[in-house]
Amino acid sequence: MQQSNAYIIIFTGILTVILATLLSGTSVLLKDKQDQQVKLDTQKKILGAVMDISDIIDDPAAVEKLYSERISSIVVDHQGNEIKEDAKGPLVAEKVNIQKFYKADPTERQYPVFMFKGNNGQVESYIFPMFGAGLWDWISGYIALENDLNTIVGVAFDHKQETPGLGARITDQVVRDRFKSKKIFDGSELVSVTMVKGEGNAGLTDYEVDGLSGATMTAKGVNKMLEHYLGCYTPFIEKVKSGQKLATN
């Protein structure tokens with residue numbers, strides 16, 4: 001039976017409203033679970049930058065317990081001073097959106113700092129989040145430094161769509177391990193750490209890590225991200241190194 005154009009338009013309109021309502025309702029119902037998953041993923045990355053959590057990676061309760069026991073956090077400004085609140089209220093480092101601040105002037109950003117505590121409660125490592133551009137889209141990462149704020153304990157990288165088998169290898173443990181024990185400062189000068197061109201390089205310095213074959217642009221993105229954000233965190237690092245008490249805004 002052939003339907004009139006009016007019938008088809010009305011039917012399509014009603015169906016669209018019903019589907020939109022269902023999708024909207026589903027999104028609202030799943031929001032808490034989505035937020036919890038994002039929180040858990042953030043905790044895994046922060047912990048993963050400083051220690052091996054492969055034995056608990058699939059156990060959300062164990063990850064949350066370890067995180068609550070060993071990680072503390074603050075938010076600092078571009079001068080390294082602690083910020084406890086902004087116009088929207090108290091600040092929580094885990095909720096600061098690094099991606100959102102990426103395009104903002106560095107002097108206007110909020111910088112989360114995560115601290116990994118040993119069993120004695122003393123800070124063993126500082127963990128700094130960062131964000132940048134890879135070959136195809138965004139990349140992000142966490143770099144963990146020993147409490148000398150110079151020696152790299154570990155890194156954790158993520159990406160949206162770097163090339164599988166090439167740039168996407170920045171998330172591989174074997175690549176991440178290349179950063180361990182490397183340095184970022186030569187005396188008081190920030191050098192950062194650089195992923196060199198090519199793979200299988202010998203004679204690397206304390207400030208160089210082996211590169212990725214066929215992924216030069218991704219490696220350059222990682223290098224740029226590290227250098228930029230380590231520069232942004234340098235005022236905080238210098239304050240901690242000098243034993244200065246962090247001012248609070």
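Which residue's side chain does Asp158 meet in a salt bridge? The partner is Lys45, with 2.7 Å from N to O. That pair opens the set of close-ups below, which were all drawn from a predicted model.

**Figure 1. Lys45 meets Asp158 and Asp41 in salt bridges.**
Side chains of opposite charge can pair when their charged atoms come close. Start with Asp158 and Lys45, whose side chains form a salt bridge at 2.7 Å, N to O. This pair links distant parts of the chain, as Asp158 sits in strand S7 and Lys45 in helix H1, 113 residues apart. Lys45 also forms a salt bridge with Asp41, and here the closest N and O atoms are 3.1 Å apart. Lys45 and Asp41 are four residues apart in helix H1 (residues 5–50), so about one helical turn separates them. With a relative accessible area of 23%, Lys45 is partly exposed. Asp41 is also partly exposed, at 35% relative accessibility.

**Figure 2. The side chains of Asp177 and Lys180 meet in a salt bridge.**
The distance to look for here is 3.2 Å, N to O. Asp177 has a relative accessible area of 33%, so it counts as partly exposed. Lys180 is partly exposed too, with a relative accessible area of 41%. Sharing of partners is a feature of the bridges in the previous figure: Asp41, Lys45 and Asp158 are joined into one network. If you would like to look for others, the structure holds seven salt bridges.

**Figure 3. Tyr111 and Tyr233 form an edge-to-face aromatic pair.**
A search of the whole structure finds nine aromatic pairs. In the one shown here, the rings of Tyr111 and Tyr233 are 5.4 Å apart, centre to centre, with 70° between their planes. Distant parts of the chain come together in this pair: Tyr111 belongs to strand S4 (residues 111–117) and Tyr233 to helix H5 (residues 216–241), 122 residues apart. Tyr111 is buried, at 1% relative accessibility. Tyr233 is buried as well, with a relative accessible area of 1%. Widen the view a little and you can trace one aromatic cluster formed by Tyr111, Tyr126, Phe128, Tyr233 and Phe236.

**Figure 4. A pair of phenylalanines, Phe157 and Phe179, meets edge-to-face.**
Their ring centres are 5.5 Å apart, and the angle between the planes is 70°. Phe157 lies in strand S7 (residues 152–159), while Phe179 lies in the loop between helix H4 (173–176) and strand S8 (185–186), so the pair ties together parts that are 22 residues apart in sequence. Phe157 counts as buried at 8% relative accessibility. For Phe179, also buried, the relative accessible area is 0%.

**Figure 5. Two lysines each lie over the face of a phenylalanine ring.**
In one panel, Lys241 lies over the face of Phe185, at 4.0 Å from the ring centre. In the other, Lys100 lies over the face of Phe101, at 5.6 Å from the ring centre.

**Figure 6. Ser125 is a buried residue of strand S5.**
Strand S5 runs over residues 123–133. With a relative accessible area of 5%, Ser125 falls under the 20% cut-off and is therefore buried. Which residues should you look for around it? Leaving aside residues up to four places away in sequence, Ser125 touches Val50, Phe114, Met115, Phe116, Leu145, Glu146, Asn147 and Val153.

**Figure 7. Strand S6 pairs with S5 and with S7.**
S5 and S6 run antiparallel to each other and pair over nine bridges. To find your place along them, look for Ile127, whose bridge partner in S6 is Ala144. Four residues make the hairpin connection from S5 to S6. S6 and S7 also pair in the antiparallel sense, over seven bridges. A handy landmark here is Ile139, whose bridge partner in S7 is His159. The hairpin of S6 and S7 has five residues between the strands, and Leu149 in the turn has a positive phi of about 55°. S6 itself (residues 138–146) is mostly covered, with seven of its nine residues buried. As you follow the strands, keep in mind that side chains in a regular strand alternate between the two faces of the sheet.

Conventions: Residues are numbered from 1 along each chain as its sequence is written. This is a predicted model: local features need pLDDT of at least 70, side-chain atom pairs count only at pLDDT 80 or more; totals for chains, interfaces and linings use all residues. Side-chain values use heavy atoms; hydrogens and water are left out. Helices (H or I, at least four residues) and strands (E, at least two) are DSSP runs, numbered from the N terminus. Buried means under 20% relative accessible area, exposed over 50%, partly exposed in between (1.4 Å probe, protein chains only). Contact means heavy atoms within 4.5 Å. Rings of Phe, Tyr and Trp (its six-membered ring) pair if their centres lie within 6.5 Å; planes under 30 degrees apart count as stacked, over 60 as edge-to-face and the rest as tilted. A charge sits over a ring if NZ of Lys or CZ of Arg is within 6 Å of the ring centre and within 35 degrees of the ring normal. A salt bridge is a side-chain nitrogen of Lys or Arg within 4 Å of a carboxyl oxygen of Asp or Glu. Two strands pair if DSSP finds at least two bridges between them.
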